[in-house]
Amino acid sequence: MPSLRELAETLGAEHLGTIKKDQVTEIIKKYEKLGKPIIYKVEGSDVEVLSALYSSREAVWKALDSRSDEEAYRKLLELKKGELKEIPFKFRELDSLDSIPWVKFYPKDGGEYQTASIFIACRKGICNSSFHRVMKLDAKRCAVRLVPRHLYTMHKEAVEEEEELPVAVVIGAPSEVEFASALSVPFGTFELEIAAGIAGSLEIAKTPLYSLPVPARSAVVMEGRLTKERVKEGPFVDLLHTYDKVRDEPVLVIDKVYWNPSELFHLILPGGREHQYLMGYPREASIWDSVRKVVPKVHKVRLTPGGGMWLHAVVSVTKASDGDAKNAIMAAFTGHPSLKHVVIVDEDVDPDDPEQVEWAIATRFQAWRDLVVVNYARGSSLDPSAEGYTSKVGIDATAPIKEKEKFERVE
Ligand SMILES: C/C(=C\C(=O)O)CCOP(=O)(O)O
Ligand SMILES: [Mn+2]
C-alpha cells in the first residue's frame, strides 16, 4: 500500500515551500484545475502538507491501483476484509493542536478547520472509521460535525450511558483508508479492515491512551474524547459550494497530538474537486452496482461537478426493453440516497459531455412520458432548498429501442 507521499510523488506533485494561511484556498483551487497535487507547509507549522491529490479521475484510479472505473468500483464494492497487522506506535508527541496546520478556507466559515480528519472509534466490540470535519475552538477543544451515521450513533449511545466516546483522529492516511472511510458500509463493518482488503493488508498501531487502531503510515494522530457538551459548529462551505448551516454539534476534547514526519498531512479544499472525488466516487460505484442489476449494461456513471458530485448523476446504459430506463432511475436513487436528479442516456451519449446530455434531453425526452417525480423523499442534508423532504426527479432521455434511426445523432 503506497503512502500518500509515494502516491503524490508518482502523480508528479509540485513542491511549493511555505505558504501563508490566507493563500491556501486560492493555491489549492489553482492546482486542482491543473489536476496536479501539491506539497507545502503552512506558515506557523513544520508539518508537510499535501493537497489537490484526487483532483482527476485518473488520480483516483491510481490511488486505487486501477486502470478503469469498473476496476476501481469493484474494489470499493467488494467489501472484502483484509488483515490488520499490528506494529508499534512510532509517532512523536507534539505540544498541542497549534503545532499542526489549521485553515479558515472561506470568509464566513465558522473558524479554522481540519477537512481530511478520519475518526476511529471502538465501542462494545464495534469499530468504525469515518470522515468528520473538525472546527478548532481553542488549544484543547474542537467542534465536530457528526452527520447522522455510525459515529453519530456510537456517540449518542455513549452519552445516553453517561460516558464520553474516546476517538483517534487520523490525518494523512493512505488512500485506501481514505476511500474506505468515505464508503457507506453496514454498521459493524470496520472500514480499516475494508481498506486492508482493498490494499491486501494494512499496518496499524494502537494509540497509547485509548488503544485505538490507527493506520501506522499516517501523518498525524490525535487522541481525544467526544463529550456530551454541544457548541455551534459552522457555517462551513460544503460539497455544494454553499455555506452549510450552523448546528449544535459535540465538543471533542483533545488529550494528545502525535506526528510522523515521514508521512504527509492532508488538507482538502471544501467544495473542491478533491472533496468531490473523495466523497462522490464511492457513491458512483454504488449507483453503478445498483443500476447494473436492472439493465443489461451500464457504460458510465457520472456524479457531475455542478451537483457537487453528490446530488446530480448522469448514467449511460444499454436497454433490453424501453422500461429499463425507468428502472435505472429507481436503481440510481436506491444506490445513492442523497441523489436528487438523475438523467439516463443511451450508450451513444457521453455523460462526461454536458452538451451531449442536454442534446439527449432536447431530442429524446417528453415530460408526460419520461419524467419520474418522487415527492417527500429523504434527500441530502447539504441541499439548502430541501425543507425536511426532497423531491427527486428522474429524466429518461433514452430513445425508443425500435426507432434508433429517427434519434440518430448526426456528426
Ligand atoms: C458528504 C457530506 C458532507 C460533506 O462532505 O460536505 C455529508 C452529506 O450527507 P447526506 O447524507 O447527503 O446528508
Ligand atoms: Mn461505518
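**Exercise 1. Which spacing along the chain do the donors of the manganese ion (ligand 2) follow?**

Keep in mind that you're working on a predicted model.

Step 1. Pick out the donors. The manganese ion (ligand 2) is held by OD1 of Asn128, ND1 of His150 and OE of Glu191, at 2.1 to 2.2 Å.

Step 2. Write them in chain order. That gives the pattern N-x21-H-x40-E.

Step 3. Place the two ends of the pattern. Asn128 sits in strand β8 (residues 126-131) and Glu191 in helix α7 (residues 191-199), so this pair, 63 residues apart, links distant parts of the chain.

Step 4. Check the cover over each end. Buried means under 20% relative accessible area. Asn128 has 1% relative accessibility, so call it buried. Glu191 comes in at 3%, which also counts as buried.

**Exercise 2. Work out which parts of the chain are tied together by the salt bridges of Lys136, Asp255 and Lys300.**

Step 1. Get the background. Oppositely charged side chains can pair up when their charged atoms come close. This structure holds 43 salt bridges, and we'll go through three of them.

Step 2. Start with Lys136. Its partner is Asp98, and the closest N and O atoms are 2.7 Å apart. Lys136 belongs to strand β9 (residues 134-136), while Asp98 is in the loop between β5 (92-94) and β6 (113-114), so the bridge ties together parts 38 residues apart in sequence. Asp98 is partly exposed, at 41% relative accessibility.

Step 3. Go on to Asp255. It forms a salt bridge with Arg225, with 2.7 Å between the closest N and O atoms. Here a strand meets a strand: Asp255 is in β17 (residues 247-259) and Arg225 in β14 (residues 220-233), so parts 30 residues apart in sequence are tied together. Asp255 is partly exposed at 23% relative accessibility, and Arg225 is partly exposed with a relative accessible area of 21%.

Step 4. Finish with Lys300. This residue bridges to Asp350, the closest N and O atoms being 2.8 Å apart. Lys300 lies in strand β19 (residues 297-303) and Asp350 in the loop between β21 (341-346) and α10 (354-364), so the parts tied together are 50 residues apart in sequence. Lys300 has a relative accessible area of 25% and is partly exposed; Asp350, at 24%, is partly exposed too.

Step 5. Look around that last pair. Lys300 and Asp350 belong to a salt-bridge network that also takes in Arg57, Asp69, Glu284, Arg302 and Asp352.

**Exercise 3. Which residues of α10 are buried, and what do they pack against?**

Step 1. List them. The buried residues of α10 are Gln356, Val357, Ala360 and Arg364.

Step 2. Ask where they point. They cover an arc of only 105° around the axis, so they're on the same side of α10. The general rule helps here: with 3.6 residues a turn in an α-helix, residues three or four places apart point the same way.

Step 3. Find the neighbors. The buried residues pack against β20 (312-318), β21, α11 (367-370) and β23 (390-396).

Step 4. Flip to the other face. Turned away from the buried side are the exposed residues Pro354, Glu355, Glu358 and Ala362.

**Exercise 4. Find a cis peptide bond and two positive phi values in the backbone.**

Step 1. Recall what's usual. Most peptide bonds are trans, and most residues other than glycine have a negative phi.

Step 2. Spot the cis bond. It runs from Gly234 to Pro235, with omega near -5°. Pro235 is in the loop between β14 and β15 (236-237).

Step 3. Spot the positive phi values. Lys124 has phi near 50° and lies in the loop between β7 (117-123) and β8. His241 has phi near 60° and is in the loop between β15 and β16 (243-244).

Step 4. Compare their cover. Lys124 counts as exposed at 61% relative accessibility, whereas His241, at 47%, counts as partly exposed.

**Exercise 5. Does the radius of gyration of the protein chain agree or disagree with that of a compact globule?**

Step 1. Compare the values. A compact globule of 411 residues would have a radius of gyration near 22 Å, and the protein chain has 22 Å, so the two agree.

Step 2. Add the outline. The C-alpha atoms fill a box of roughly 70 × 50 × 45 Å along the principal axes, and the chain has 11 helices and 23 strands.

Step 3. Look inside. Of the 411 residues, 56% count as buried. Among contacts between residues at least 6 apart in sequence, 70% join residues at least 24 apart.

Methods
Residues numbered from 1 in each chain as written. Chains lettered and ligands numbered in written order. Predicted model: local features only at pLDDT ≥ 70, side-chain atom pairs only at ≥ 80, totals over all residues. Heavy atoms only, no water. Donors = N, O, S within 2.8 Å, 3.2 Å for Na, K, Ca; no water. Helix = DSSP H or I, 4+ residues; strand = E, 2+ residues; numbered from the N terminus. Buried < 20%, exposed > 50% of the residue type's maximum accessible area, 1.4 Å probe, protein only. Salt bridge = Lys/Arg side-chain N within 4 Å of Asp/Glu carboxyl O. Rg over C-alpha atoms; globule rule 2.2 N^0.38 Å. Contact = heavy atoms within 4.5 Å. Arc of directions from axis to C-beta.
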